[in-house]
Amino acid sequence: MKLLIVEDEPNLLSILRKGFAENNNDVSVALDGKTALEMIQNYTFDVVILDVMLPDINGIEICRRLRADKNFVPVLLLTALGTSENIVTGLNAGADDYVVKPFKFGELDARVNALNRRANQETEKVDSILISDLEINSKSKTVKRNGESIVLTAKEFKLLYYLAKNTGRIVSRDQILDNVWDINFDMNTNVVDVYINYLRKKIDKPYKTKLIHTMKGLGYVIQP
């Protein structure tokens, strides 16, 4: 999993980072709310582990902002405030789960894995993604635009599907390499740009409305 841990207490952060990394997760960290929001907006994570008490923007406010921006990354709150009122506030703000401090790492790890499984199951239930007049069916691996079938190679489909899962969100070249090619390419390679160009010729060029957009210096985004 790609995890983001948002925690300002150095000792706890070190323990969590080490524990999740040893379980073969890709772990990123943030020490404050502002940094966390920037990272979530610019990168894709499977689960965010979020402390409630942060020095600038608290975890509950971060949840509210994410959900207001239609970002539904699974969020697990770490809270020292174990009253039912505080827990309800966090869940109502958009958190998916919570763990009360102090806790055992094994329980936290199990809850994070459960959130990731649930998110993947929900994604698998949705066979089709619609973006304007573009329809992408993940089950049959077919693509149609304005009702017309478009033939893509396996890699082109995987790239398009990754962009579509992140509709409205900018994804960087590094993210695309990591998620579509699954190996560490030389970051100077232009393979992403080449395949984006292939997709544009098939998905955008024949149609008036363009869906695949370049965000200079940031990456790509698919949106109407």
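1. Strand β1 (residues 2-6) and strand β3 pair in the parallel sense, over four bridges. Within this pairing, Leu4 stands opposite Val48 in β3. The model is predicted, and the remarks below should be read with that in mind.

2. The pairing belongs to an open sheet of five strands, in the order β2-β1-β3-β4-β5, with parallel pairing. Strands β2 (26-30) and β5 (97-100) stand at the edges; each has a single partner strand, so one side of each is left without a neighbour in the sheet. From one strand to the next, the twist averages 20°. As background, strands of a sheet pair through backbone hydrogen bonds, in either a parallel or an antiparallel sense.

3. Strand β3 (residues 47-51) contains Asp51. The UniProt record, an unreviewed entry, annotates Asp51 as "modified residue: 4-aspartylphosphate". Asp51 counts as buried because its relative accessibility is 3%, under the 20% cut-off.

4. Leaving aside residues up to four places away in sequence, Asp51 touches Val6, Glu7, Asp8, Gly59, Leu78 and Lys101. One of these contacts, Val6, falls in strand β1 (residues 2-6), the strand that pairs with β3 over four bridges.

5. On aromatic packing, a search of the whole structure finds three aromatic pairs. Among them, Phe20 and Phe105 form an edge-to-face pair, at 4.9 Å centre to centre and with 65° between the planes. This pair links distant parts of the chain: Phe20 is in helix α1 (residues 10-22) and Phe105 in helix α5 (residues 105-125), 85 residues apart.

6. The two rings of that pair should be described separately for accessibility. Phe20 counts as buried because its relative accessibility is 0%. Phe105, with a relative accessible area of 24%, is partly exposed.

7. Another of the aromatic pairs is formed by Tyr195 and Tyr198, again edge-to-face, at 5.1 Å centre to centre with 70° between the planes. Both tyrosines lie in helix α8 (residues 191-204), three residues apart, which is about one turn of the helix.

8. Tyr195 counts as partly exposed at 22% relative accessibility, and Tyr198 counts as partly exposed at 36%. The Tyr195 value should be quoted together with its class, because buried is reserved for residues under 20% relative accessible area.

Note on methods
Residues are numbered from 1 along each chain as its sequence is written. This is a predicted model: local features need pLDDT of at least 70, side-chain atom pairs count only at pLDDT 80 or more; totals for chains, interfaces and linings use all residues. Side-chain values use heavy atoms; hydrogens and water are left out. UniProt positions are given in the numbering used here, feature names are shortened, and annotations may be inferred rather than shown by experiment. Helices (H or I, at least four residues) and strands (E, at least two) are DSSP runs, numbered from the N terminus. Buried means under 20% relative accessible area, exposed over 50%, partly exposed in between (1.4 Å probe, protein chains only). Contact means heavy atoms within 4.5 Å. Rings of Phe, Tyr and Trp (its six-membered ring) pair if their centres lie within 6.5 Å; planes under 30 degrees apart count as stacked, over 60 as edge-to-face and the rest as tilted. Two strands pair if DSSP finds at least two bridges between them. Axes are lines fitted to C-alpha atoms, for helices over the stretch in contact, and angles run from 0 to 180 degrees between N-to-C directions.
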